[in-house]
Amino acid sequence: MVMKEEGNYKLPDWSLDVRCTGKGWEQKHKPCYGMMTLEDGDVLKRITWGEVYYGCICPECKCFTEIPEKLIPSEVKIYAPQVAAPGSNNYENLTKEEKELSKYL
Ligand SMILES: [Zn+2]
């Protein structure tokens, strides 16, 4: 095989302002209603009963807020780490890094 072109594809720059509301999840944290600017590495996914949800964890109050899927580019969704509440069915399948991200859930 001969490389026809060097691979220099970069993910598009992306950011999204999201208010910390805790929307979509019952959880032990109270949302702080602060405003966050997310970049691609900040989007997380949760899988519940086969449904995939995307969201982020607030750096201030550690609350998970769901983000409407249509606001997130597909490249960002593909690479979003998965999180799951410790003790839930999906938790054991997570990587070490994903378990670390999940500790606030
Ligand atoms: Zn917050």
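This report describes the fold, the core and two unusual backbone angles of a predicted model.

**Overall layout**

The chain has five strands and two helices. Along the sequence, the order is β-β-β-β-β-α-α. The strands therefore precede the helices in that pattern. The C-alpha atoms fill a box of roughly 55 × 30 × 20 Å along the principal axes. Of the 105 residues in the chain, 17% are buried. Contacts also reach along the sequence. Among those between residues at least 6 apart, 49% join residues at least 24 apart.

**The core**

In soluble globular proteins, nonpolar side chains tend to be buried together. Here, the largest nonpolar core has 14 residues. Val 43, Leu 44, Cys 56 and Ile 57 have the most contacts inside it. What does Leu 44 touch, leaving out residues up to four places away in sequence? Its partners are Gly 55, Cys 56, Ile 57, Ala 80, Pro 81, Val 83 and Leu 101. Two of these partners, Cys 56 and Ile 57, are also among the core residues with the most contacts.

**Two positive phi angles**

Most residues other than glycine have a negative phi. Tyr 33 and Lys 62 have positive values instead. Each lies in a loop between two strands.

| Residue | Phi | Loop between | C-beta neighbours within 10 Å |
|---|---|---|---|
| Tyr 33 | about 60 degrees | strand E1 (15-19) and strand E2 (35-39) | 13 |
| Lys 62 | near 70 degrees | strand E4 (51-57) and strand E5 (64-67) | 16 |

Are these residues buried, exposed or partly exposed? Tyr 33 counts as partly exposed because it has 13 C-beta neighbours inside 10 Å. Lys 62 is partly exposed too, with 16 other C-beta atoms within 10 Å.

Notes:
Residues are numbered from 1 along each chain as its sequence is written. This is a predicted model: local features need pLDDT of at least 70, side-chain atom pairs count only at pLDDT 80 or more; totals for chains, interfaces and linings use all residues. A nonpolar core is a set of buried Ala, Val, Leu, Ile, Met, Phe, Trp, Tyr and Cys residues joined through C-beta atoms within 7 Å. A residue is buried if 20 or more other C-beta atoms lie within 10 Å of its own, exposed if 12 or fewer, and partly exposed in between; C-beta atoms are placed from the backbone. Two residues are in contact if their C-beta atoms, placed from the backbone, lie within 7 Å. Helices (H or I, at least four residues) and strands (E, at least two) are DSSP runs, numbered from the N terminus.
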